[in-house]
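Please open the model in your viewer and keep the sequence panel beside it, since each stop on this tour begins with a selection and then describes what is there.

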Amino acid sequence: QLRLVESGGGLVQPGGSLRLSCAASGATLDYYSIGWFRQAPGKEREEVSCISNTGARTDYADFVKGRFTISKDNAKNTVYLQMNDVKPEDTAVYYCAADHRSLAIVCGRPGISAYWGQGTQVTVSS
């Protein structure tokens, strides 16, 4: 069974950068659409970015376009979220999720994905 483990979170200054990793085990991510989602206290979980199983398609929420980049390393079976020019409102627990269904189906729908990691805390503060 697929297992996802996020890492790379921490404290970062506004305008700084951070790279989150989502390491998979039990199956290859080539079979899954992968999404990054986040949840801040008192708010609903929301989409950040997604990548298709082949890596041919990516999608970004409007509030991260031009700042965040999703990518994957097939050899390491890992998906990354490069976060640049971070803002205080980016503070949240970030989760990666995987599903056999297509990016178009799962990306914009937090909670629909079949597999989830435990999350990693990102705090943007001066």
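Leaving aside its neighbours within four places in sequence, with which residues is G111 in contact? Select G111 in this predicted model, display what surrounds it, and you should find R45 and W116 as the residues in contact with G111 once those sequence neighbours are set aside. G111 itself sits in the loop between α1 (103-106) and β10 (115-116), and with a relative accessible area of 48% it is partly exposed. If you then add E47 to the selection and draw a C-alpha to C-alpha distance, the viewer should give 9.6 Å, although G111 and E47 are 64 residues apart in sequence.

Next, turn to the charged side chains. The structure holds six salt bridges, and a good place to begin is R38, in strand β4 (residues 33-39). Select R38 together with E46, and you will see their side chains meet in a salt bridge with an N to O distance of 2.8 Å. The two partners differ in their surroundings, because R38 is buried at a relative accessible area of 4%, whereas E46 is partly exposed at 22%.

Keep R38 selected and add D90, whose side chain also meets that of R38 in a salt bridge, again listed at 2.8 Å from N to O. This pair links distant parts of the chain, since D90 belongs to the loop between β8 (78-83) and β9 (92-99) while R38 is in strand β4, 52 residues apart. D90 has a relative accessible area of 0% and is therefore buried.

Now move to D99 and R101, where another salt bridge joins the two side chains at 2.8 Å, N to O. Here D99 counts as buried at 4% relative accessibility, and R101 is partly exposed at 36%. To return to the earlier stop, select R38, E46, R67 and D90 at once: salt bridges that share partners join these residues into one network.

For the following stop, show the backbone of β7 and β8, which pair in the antiparallel sense over six bridges. Within that pairing, F68 has M83 as its bridge partner in β8. Colour strand β7 (residues 68-73) by face, and the covered side carries F68, I70 and K72, while the uncovered side carries T69, S71 and D73. Such a pattern is expected because side chains in a regular strand alternate between the two faces of the sheet. Follow the chain into the hairpin of β7 and β8, which has four residues between the strands, and pick N77, where phi is positive, near 55°.

Finally, select T78, which lies in strand β8. Is T78 buried or exposed? With a relative accessible area of 7%, T78 is buried. Its side chain reaches the backbone oxygen of K76 at 2.9 Å, a distance that you can draw directly in the viewer. Once the neighbours within four places in sequence are left aside, T78 is in contact with S21, C22, A23, L29, S71, K72 and D73. Among these contacts, K72 belongs to the covered face of β7, and S71 and D73 to the uncovered one, so keeping the face colours from the previous stop lets you place them while you look at T78.

Methods. Residues are numbered from 1 along each chain as its sequence is written. This is a predicted model: local features need pLDDT of at least 70, side-chain atom pairs count only at pLDDT 80 or more; totals for chains, interfaces and linings use all residues. Side-chain values use heavy atoms; hydrogens and water are left out. A salt bridge is a side-chain nitrogen of Lys or Arg within 4 Å of a carboxyl oxygen of Asp or Glu. Buried means under 20% relative accessible area, exposed over 50%, partly exposed in between (1.4 Å probe, protein chains only). Helices (H or I, at least four residues) and strands (E, at least two) are DSSP runs, numbered from the N terminus. A polar contact is a pair of N or O atoms within 3.5 Å; within protein, one must be able to donate a hydrogen and the other to accept it, and residues adjacent in sequence count only if both atoms are side-chain atoms. Contact means heavy atoms within 4.5 Å. Two strands pair if DSSP finds at least two bridges between them.
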